[in-house]
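User: I should like to study this protein model step by step. Please reason through each answer in plain terms.

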Amino acid sequence: MTIVVILLGAFLINYLLDACFRSLWAKKLTVRVQFQDQPAMEGEEARLTETIANEKRLFLPLLQVGFRVHRDLWFADGENTSVSDQCYKRDIFSVGGYQKITRTISFRCTHRGYYEMDKVELVTRSPLMTRKYYETLENRDFFYVYPRLVDSDQMDISFQKIMGSSLARRNLYEDPFEFRGIREYAPTDPLNKINWKAAARTGELMVNLYGSTTAQEVILMLDVEDETIWKYDEIHEEEIRIAASLASRCIQEGIPVGFCTNGKDILSGDLFSLKAGTGEQQVRLVNEGLSRIDLTQKADPMEFVLDRERVMGTGAATTYVMISKNQRPSCVEAFCRLAREGSGCIWIATLYAEMEWKLPHSEQISWIRWEVEK
């Protein structure tokens with residue numbers, strides 16, 4: 001009889017412990033998994049942070065935190081990680097009462113893209129390890145991996161052609177709001193340029209120097225359409241890298257850059273386009289837009305984008321740079337119509353070494369063959 005009472009007492013204690021633990025373990029427990037604030041570039045390493053805060057007395061001897069990210073984000077250690085259609089990461093913690101734990105995990109960005117996280121899954125066990133309890137918490141975060149920049153030596157020829165077209169058409173004039181410095185006065189300088197304060201300090205006449213502005217702009221036109229059932233993702237990824245590199249280089253030189261493509265935005269499903277602009281903000285917008293291009297969605301015909309730009313374009317003040325592997329006559333004709341509007345036009349043909357060159361000779365368009373490695 002004593003043994004029965006002991007067993008019943010043990011069973012009752014275990015039941016009460018489990019019931020108490022089940023009702024309390026998830027209360028005042030916060031778990032957050034966050035990507036680093038700054039975007040990374042394709043091929044670089046980045047970090048995410050796991051933060052667990054247990055704001056109660058109850059000790060959690062075993063807490064498993066699980067989350068999933070895209071398989072293109074590779075965790076450096078590979079510990080507690082499984083990869084299938086997604087990359088699943090599960091870490092185990094022992095969390096004391098009123099304890100906060102922070103862990104930083106490194107991962108490698110193997111592919112440009114826009115990556116999201118939506119939830120974390122928690123698993124714990126009862127005090128006697130006889131039962132499992134589960135909880136799912138909302139954990140929304142996103143992360144940009146920008147396309148990597150192509151080698152500067154490869155970019156030089158394309159950029160020099162863009163600069164040549166830009167310099168031939170630019171309309172320079174002084175901007176009185178962009179002060180560059182002072183220099184000594186020359187007889188040809190107008191009196192309204194004299195900096196009288198500087199002249200008083202130095203004892204010599206000094207004049208202000210101002211920067212110049214230009215109405216010239218470059219519009220990058222990215223074609224990611226596949227004409228047949230064959231997919232050319234390697235070529236399209238190289239095209240995206242070229243576009244990112246040209247945008248960065250032009251903006252560094254003070255040339256406003258705009259962008260349009262027939263590729264679909266993974267968030268909106270619409271064609272991505274961007275008005276011309278300069279500065280770090282524009283570089284960020286271009287890189288984010290390029291990161292979100294979804295090659296799994298069918299691209300629109302490039303002729304549609306070209307004709308729309310011809311109607312809405314700014315004319316002779318714009319240099320258009322087409323980046324495309326497609327060489328079909330209708331696409332070439334649409335680009336030629338754009339060239340006849342008086343704009344500078346450059347076509348960068350992204351081809352494998354064995355692909356035939358089919359683009360026609362034209363005095364209005366500069367053609368560049370860009371070979372892509374398989």
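**Pocket, cores and strands**

User: What is the volume of the largest pocket?

Analyst: A pocket is an open set of points on a 1 Å grid over the protein atoms alone, where a 1.4 Å probe fits and protein lies on both sides within 12 Å along at least five of seven lines. Points are joined across faces, edges and corners, and the volume is the space filled by probe spheres set on them. For the largest pocket this gives about 590 Å³.

User: What kind of model is this?

Analyst: Residues are numbered from 1 along each chain as its sequence is written, and side-chain values use heavy atoms, leaving out hydrogens and water. Local features need pLDDT of at least 70, side-chain atom pairs count only at pLDDT 80 or more, and totals for chains, interfaces and linings use all residues, as this is a predicted model.

User: Which element gives the largest share of the lining of the largest pocket?

Analyst: The lining (residues with an atom within 4 Å of a point) has 24 residues, and His70, Tyr114, Tyr115, Glu116 and Ile266 lie nearest the centre. Helices (H or I, at least four residues) and strands (E, at least two) are DSSP runs numbered from the N terminus. Two or more lining residues come from each of E4, strand E9 (113-125), strand E10 (132-146), H4 and strand E16 (293-294). The largest share, six residues, comes from E9.

User: In what order do the six strands of the open sheet stand?

Analyst: Two strands pair if DSSP finds at least two bridges between them. The pairing in this sheet is mixed: E2 and E10 run parallel, joined by two bridges, whereas E4 (residues 60-70) and E7 pair in the antiparallel sense over nine. Strand E2 (40-41) and E6 stand at the edges with a single partner strand each, so one side of each is left without a neighbour in the sheet. The order is E2-E10-E9-E4-E7-E6.

User: Which residue in E7 stands opposite serine 82?

Analyst: Strand E6 (residues 81-83) runs antiparallel to E7 and is joined to it by three bridges. A hairpin of two residues links E6 to E7. Opposite serine 82, E7 places tyrosine 88.

User: Which residues make up the uncovered face of E7?

Analyst: Strand E7 spans residues 86-95, and its covered face consists of Cys87, Lys89, Asp91, Phe93 and Val95. The uncovered face consists of Gln86, Tyr88, Arg90, Ile92 and Ser94.

User: How many of the 10 residues of E3 are buried?

Analyst: Buried means under 20% relative accessible area, exposed over 50%, and partly exposed in between (1.4 Å probe, protein chains only). Strand E3 (residues 45-54) pairs in the antiparallel sense with strand E1 (residues 29-35) over seven bridges, and with strand E8 (residues 99-109) over 10. Valine 31 stands opposite isoleucine 52 of E3, and glutamate 50 has arginine 103 in E8 as its bridge partner. E3 is mostly covered, and its buried residues number seven.

User: Which element gives the most residues to the largest nonpolar core?

Analyst: A nonpolar core is a set of buried Ala, Val, Leu, Ile, Met, Phe, Trp, Tyr and Cys residues joined through side-chain atoms within 4.5 Å. The largest has 58 residues, and those with the most contacts inside it are Met221, Leu290, Leu306, Phe335, Trp347 and Ile348. With nine residues, the element that gives the most is H4.

User: How far apart are the end C-alpha atoms of helix H4?

Analyst: The expected span of a helix is 1.5 Å times one less than its number of residues. For the 20 residues of H4 (residues 233-252) this comes to 28 Å, which agrees with the model. H4 is also largely enclosed by the rest of the structure, because 16 of its 20 residues are buried. Its end C-alpha atoms are apart by 29 Å.

User: Is arginine 369 buried or partly exposed?

Analyst: Arginine 369 belongs to strand E19 (residues 365-371). Apart from neighbours within four places in sequence, arginine 369 is in contact (heavy atoms within 4.5 Å) with residues including Ala349, Tyr352 and Trp357. Threonine 350 is 19 residues away in sequence, yet 6.4 Å away in space, C-alpha to C-alpha. Because its relative accessibility is 30%, arginine 369 counts as partly exposed.
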